[in-house]
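Q: Please take a close look at the aromatic rings in this structure: how do they pair, and where in the chain do the partners lie? I would also like to hear about any charged groups that sit over rings.

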Amino acid sequence: MVASRPIRDAGVVLVTETKLMTETLRQAMEGCPAVADKVSVRAPKGRVPHIIVHNVPVGKYATRDKEERWIRRLRKGNTLPEGDISVRFGRKAKNGTEDWILALAPEVSKGIPKQGRLNHGFSSLRYREFLEPTRCFKCQRFGHMKSQCPDLAGPDYCTKCTGRHLPKDCKAKRPTCRNCAEYNSKTGARNPTSHTVRDQKCGTYLRVRDHLVLMTQYGPDTK
């Protein structure tokens, strides 16, 4: 087993190096009289495909009703197959537009155009696959959300330095990434640490994201 983390309903996700190891672990737990009647074991659900659509003119689509109309037009303009499409959230972009993150049913994801653009009415919108590591806004580490943080009772960690305080109270003259500093301490590496934990060029963030890409492409038994 290479990793574990808590989830809802008193559950635990266990990550193994290979599918064979996963099956061996499952059989051992289900065949053990001490735990067989106390736990249930199942494989996690597959990842829901997400894309990010750039520069959506949100002024025209501010309500949920108009979002649904926008999705219908998107489906019609690209002849997308039947299946769920939903707007998860938006990010501010340039010139008063937003980048929208869409969740797609697998059959819809397979049917979207491959050239990186989607037709919408008389316009064409750029898109790409959206792979973003889960980040905890309390401890700033990757792999879980704030509600699942094992350090939920303690103070928040700063996004600018390694201290436990709100970013607005930070007195550090230079940023220090907590994740990269801890990685260097554990491995002896000398990766740059003079950036915030939310920096898109953060070495730890890039390693986690690249691993997520591999998991998506080759399956959960990828090392």
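A: In this predicted model, a search of the whole structure finds 3 aromatic pairs. One of them is formed by W70 and W100, whose ring centres lie 4.9 Å apart with 65° between the planes, an edge-to-face arrangement. This pair links distant parts of the chain, since W70 belongs to helix α2 (residues 64-77) and W100 to strand β5 (residues 98-104), with their positions 30 residues apart in the numbering. Both tryptophans, W70 and W100, are buried.

Another edge-to-face pair is that of F89 and F130, and it is classed in this way because the planes stand at 75°, which is over 60 degrees, while the 6.2 Å between the centres falls within the 6.5 Å limit for pairing. F89 lies in strand β4 (residues 85-92), whereas F130 is found in the loop between β7 (123-129) and α4 (178-187), so the contact ties together parts that are 41 residues apart in sequence. The two phenylalanines differ in exposure: F89 is partly exposed, at a relative accessible area of 38%, but F130 counts as buried, at 9%.

Turning to charges over rings, the charged end of R178 sits over the ring of Y157, at 3.5 Å from the ring centre. Likewise, R207 lies over the face of Y183, with a distance of 3.7 Å to the centre of that ring.

How values were computed
Residues are numbered from 1 along each chain as its sequence is written. This is a predicted model: local features need pLDDT of at least 70, side-chain atom pairs count only at pLDDT 80 or more; totals for chains, interfaces and linings use all residues. Side-chain values use heavy atoms; hydrogens and water are left out. Rings of Phe, Tyr and Trp (its six-membered ring) pair if their centres lie within 6.5 Å; planes under 30 degrees apart count as stacked, over 60 as edge-to-face and the rest as tilted. Helices (H or I, at least four residues) and strands (E, at least two) are DSSP runs, numbered from the N terminus. Buried means under 20% relative accessible area, exposed over 50%, partly exposed in between (1.4 Å probe, protein chains only). A charge sits over a ring if NZ of Lys or CZ of Arg is within 6 Å of the ring centre and within 35 degrees of the ring normal.
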